Structure formats: C-alpha cells, structure tokens
Amino acid sequence: MEQRISLITLGVRDMERAAAFLDALGWVRVEAQDGVIAYDLLGQTLGLYPLDKLADDIGIDVAQLGRGAMTLGYNARDRAGVDDVIGRVEAAGGTVLKAPQEVFWGGYHGYFSDPEGHIWEVAHNPFSTLREGDSAFRWTGY
C-alpha cells in the first residue's frame, strides 16, 4: 500500500449545518454525487500521537475523543493564520477547545470542535512550510 489518504469522510448528523460551518470558514464546495457534500483538499499529512497525550494536549478527557480518537489538522502559513481561524470558529458554530499557544516542539497551535463534534487542530509549524501559491504542505520534521 502506498502512503496516501485519498478521502476523509466525516459522519455528520446534519449535512447542511456541517457544510455551513466549513463554508463560514471560507471552504468552497466542489461537485459531488447526490447525498454528498465535498471539498477539495491539497497536501495531506497523517500524524500518529499517543492517545493520552492527545487528550492532555487538547485539555479534555480521553473519552471525549470518541471511538476514532483522531484529530483533523489544518496547517496555517504563520501564527496570525492560526489566530484568524480560531477567532472565526465560534461565529461559524464551532467550539474553541484550546486557545492558540506555543507548543513544546516550537510551533503554535489551538484546537476546536466543529458542530458535529469532530476535533480540529490549527497549527503553524515553522519547520514545515506550505508551498508558495498553494495549500500543499512540505514536511521537514520537528
């Protein structure tokens, strides 16, 4: 198997509410099959992190992570980008779980949950940058 995630599917109870949240954050829908609302994503990264440490980092009980015990990560170009996204979450219908702050590995991040309860991390990693002009993420490690 090649190292790739082609599709992330979030199960939601209210399609329009979930889509309206992403729309309010500036995401743009693309054409999809009936019954599906889709957004094009560029440059995927999958990170593995100890479950108990993830819960501690977010500041919630492990049980709140759900059965999937994962987060969705959005990498911003700079710290201001992290602040901007987290600053728009509540007006869009989400909940800020952790205000933006410095991270032990030298980055800057915060967490929020969308209206369906999926947990998102918004981070700026000064060691791994987004390519100029697009959203592709270039990983260079911590």
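A polar contact here is a pair of N or O atoms within 3.5 Å; within protein, one must be able to donate a hydrogen and the other to accept it. With that in hand, look at the start of helix α1 in this predicted model: a side-chain oxygen of Asp14 comes to within 3.3 Å of the backbone nitrogen of Glu16. From there, this briefing follows two helices and their buried faces, then a strand residue, a surface patch and the salt bridges.

**Helix α1**

- Helix α1 spans residues 15-24, and its buried residues are Ala18, Ala19, Phe21 and Leu22.
- Viewed down the axis of α1, these buried residues fall within an arc of 150 degrees, so they line one face of the helix.
- As general background, an α-helix has 3.6 residues a turn, so residues three or four places apart point the same way.
- The partners of this buried face are spread over several elements: the buried residues of α1 pack against the strands β1 (29-30), β2 (38-39), β5 (108-113) and β6 (119-124), and also against helix α3 (79-92).
- Just after α1 comes Gly26, with a positive phi of about 100 degrees.

**Helix α2**

- In α2 (51-58), the buried residues are Leu54, Ala55, Asp57 and Ile58.
- These four cover an arc of only 160 degrees around the axis, which puts them on the same side of α2.
- That side has strands for company: the buried residues of α2 pack against β4 (95-102), β5 and β6.
- Asp57 deserves a closer look, as a carboxylate-bearing residue among those listed as buried in α2.
- Its relative accessible area is 19%, and Asp57 counts as buried because the cut-off is under 20%.
- Leaving aside neighbours within four places in sequence, Asp57 is in contact with Lys98, His109 and Tyr111.
- Gly59 follows α2 and has a positive phi, near 90 degrees.

**Gln101 in strand β4**

- Gln101 lies in strand β4, and its relative accessibility of 36% makes it partly exposed.
- The side chain of Gln101 reaches the backbone oxygen of Ala99 at 3.3 Å.
- Not counting residues up to four places away in sequence, Gln101 touches Gly107, Tyr108 and His109.
- Between Gln101 and Tyr111 there are 10.0 Å in space, C-alpha to C-alpha, and the two are 10 residues apart in sequence.

**A nonpolar surface patch**

- Ile8, Leu10, Leu41 and Met70 make up a nonpolar patch on the surface, and together they have about 310 Å² of accessible area.
- One of these residues, Leu41, sits in the loop between β2 and α2.
- Leu41 has 38% relative accessibility and so counts as partly exposed.

**Salt bridges**

- The count comes to six salt bridges, and three of the pairs, among them one within a helix, are described below.
- Glu16 and Arg29 form a salt bridge whose closest N and O atoms are 3.5 Å apart.
- This pair links distant parts of the chain, with Glu16 in helix α1 and Arg29 in strand β1, 13 residues apart.
- Both ends of that bridge are partly exposed: Glu16 has a relative accessible area of 47%, and Arg29 is at 34% relative accessibility.
- Arg17 and Glu116 also meet through their side chains in a salt bridge, at 3.5 Å from N to O.
- Here the link runs from Arg17 in helix α1 to Glu116 in the loop between β5 and β6, and the residues are 99 apart along the chain.
- The two partners differ in exposure: Arg17 is partly exposed, with a relative accessible area of 37%, whereas Glu116 is buried at 8%.
- Asp84 and Arg88 pair up in a salt bridge with their closest N and O atoms 3.3 Å apart.
- Because Asp84 and Arg88 are four residues apart in helix α3, about one helical turn separates them.
- Asp84 is partly exposed, with a relative accessible area of 41%, and Arg88 is partly exposed as well, at 31%.
- Finally, salt bridges that share partners join Glu16, Asp23 and Arg29 into one network.

Conventions: Residues are numbered from 1 along each chain as its sequence is written. This is a predicted model: local features need pLDDT of at least 70, side-chain atom pairs count only at pLDDT 80 or more; totals for chains, interfaces and linings use all residues. Side-chain values use heavy atoms; hydrogens and water are left out. Buried means under 20% relative accessible area, exposed over 50%, partly exposed in between (1.4 Å probe, protein chains only). Helices (H or I, at least four residues) and strands (E, at least two) are DSSP runs, numbered from the N terminus. The arc is that of the directions from the helix axis to the C-beta atoms. Contact means heavy atoms within 4.5 Å. Patches are made of residues with over 30% relative accessible area and no salt bridge: like charges are joined within 9 Å, nonpolar side chains (Val, Leu, Ile, Met, Phe, Trp, Tyr) within 5 Å. Accessible areas come from the Shrake-Rupley method with a 1.4 Å probe; for residues, only the protein chains shown count as cover. A salt bridge is a side-chain nitrogen of Lys or Arg within 4 Å of a carboxyl oxygen of Asp or Glu.
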